[in-house]
Amino acid sequence: MAEVNRTTFYANYADIYDLADAVQRQLEEDVLGLYREELEQGRGNHDFLRLFRHIQENPLFYKTYFKLNTDGKFRFVGYDVSAALARFDNRHIEYHIAFFGNGLNAVIKKWLQNDCRESPEEILAIISEEYQGIQWS
């Protein structure tokens, strides 16, 4: 279906699982690239709009990522632990991180299932409404 010769495929990948790993690594590298400056400076970032725009521009890549990802979670969206520590008075941070990460994954997956009908700004507003009190970029 991809119109790639079998020998060409196996010259580049050991098997289909190797291809799946390559797709996952590429997407994770692309997302990290969106936030490289902040990561290098050790700053937290709430600019999820940048991520949502990237998802809307590359929906097939993200759908494939979630399909190939065995735990079904997008692992490379940062959570600003320092802001959470201040907001939640340093209590039960691991639960807040789990709640936020799983909720964000659920919204992204639902958005992809709906072919990204809503704008990135609308998705950001939905997340912001659910996680009230946090200032978003």
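A crossing of two helices is right-handed if the near helix is turned clockwise from the far one by less than a right angle. That convention is helpful from the outset, as the crossing of α2 and α4 is right-handed. The passage below follows helix α4 through its neighbours in this predicted model, and then turns to the loop between α7 and α8.

The overall picture comes first. The protein chain contains eight helices and zero strands, and reading along the sequence gives the pattern α-α-α-α-α-α-α-α. Of its 137 residues, 32% count as buried. When contacts between residues at least 6 apart in sequence are considered, 61% of them join residues at least 24 apart. Confidence across the protein chain has a mean pLDDT of 81, with 80% of the residues reaching 70 or more. By helix, confidence is lowest in α6 (residues 81–87), where the mean is 68, and highest in α4, where the mean is 92. Helix α4 is thus a welcome place to look in detail, as the helix with the highest confidence in the chain.

Helix α4 spans residues 48–57, and its buried residues are Phe 48, Leu 49, Leu 51, Phe 52, His 54 and Ile 55. Which helices do the buried residues of α4 pack against? The partners are α2 (16–34), α5 (59–68), α7 (93–113) and α8 (120–130). Two packed helices are described by the angle between their axes and the distance between the axes. Three of these pairings are described in turn below.

The pairing with α2 can be taken first. The axes of α2 and α4 come within 10 Å and cross at roughly 140 degrees. Angles over 145 degrees would count as roughly antiparallel, and α2 and α4 are therefore oblique to each other. On the α2 side, the contact involves Asp 30, Val 31 and Leu 34, which meet Arg 50, Leu 51 and His 54 in α4. By class, the residues of this contact of α2 with α4 divide into three nonpolar, one polar and two charged. His 54 and Leu 51 also belong to the buried residues of α4.

The pairing with α7 has another geometry. Here α4 and α7 pack at an angle of about 30 degrees, and their axes are 11 Å apart. That angle makes α4 roughly parallel to α7, because angles under 35 degrees count as roughly parallel. The crossing in which α4 passes α7 is right-handed. From α4, the residues Phe 48, Leu 51, Phe 52, Ile 55 and Gln 56 meet Phe 100, Leu 104, Ile 108, Trp 111 and Leu 112 of α7. The contact of α4 with α7 has nine nonpolar residues, one polar residue and no charged residues.

The third pairing is with α8. The angle between α4 and α8 is about 135 degrees, and their axes lie 9 Å apart. As a result, α4 is oblique to α8. Here too, α4 passes its partner α8 in a right-handed crossing. The residues making the contact are Phe 48, Leu 49, Phe 52, Arg 53 and Gln 56 of α4, together with Pro 120, Glu 121, Ile 123, Leu 124 and Ile 127 of α8. Seven nonpolar, one polar and two charged residues make up the contact of α4 with α8.

Attention then moves to the loop between α7 and α8, where Asp 115 lies. Although Asp 115 is not a glycine, its phi is positive, at about 55 degrees. Cys 116 is found in the loop between α7 and α8 as well, and has a positive phi near 50 degrees, again in a residue other than glycine. Is each of these residues buried or exposed? Asp 115 is exposed, with a relative accessible area of 55%, whereas Cys 116 is buried, with a relative accessible area of 8%. The cut-offs behind these labels are over 50% for exposed and under 20% for buried.

Arg 117 is found in the loop between α7 and α8 too. With a relative accessibility of 61%, Arg 117 counts as exposed. This residue also leads back to α4: Arg 117 and Gln 56 are 61 residues apart in sequence and 9.0 Å apart in space, C-alpha to C-alpha. Gln 56 is itself one of the α4 residues that contact α8, and is also among the α4 residues that meet α7.

Definitions and conventions. Residues numbered from 1 in each chain as written. Predicted model: local features only at pLDDT ≥ 70, side-chain atom pairs only at ≥ 80, totals over all residues. Heavy atoms only, no water. Buried < 20%, exposed > 50% of the residue type's maximum accessible area, 1.4 Å probe, protein only. Helix = DSSP H or I, 4+ residues; strand = E, 2+ residues; numbered from the N terminus. Contact = heavy atoms within 4.5 Å. pLDDT = per-residue confidence, 0-100. Axes fitted to C-alpha atoms, helices over the stretch in contact; angles between N-to-C directions. Parallel < 35°, antiparallel > 145°, perpendicular 65-115°, else oblique. Nonpolar A, V, L, I, M, F, W, Y, C, P; charged D, E, K, R; others polar.
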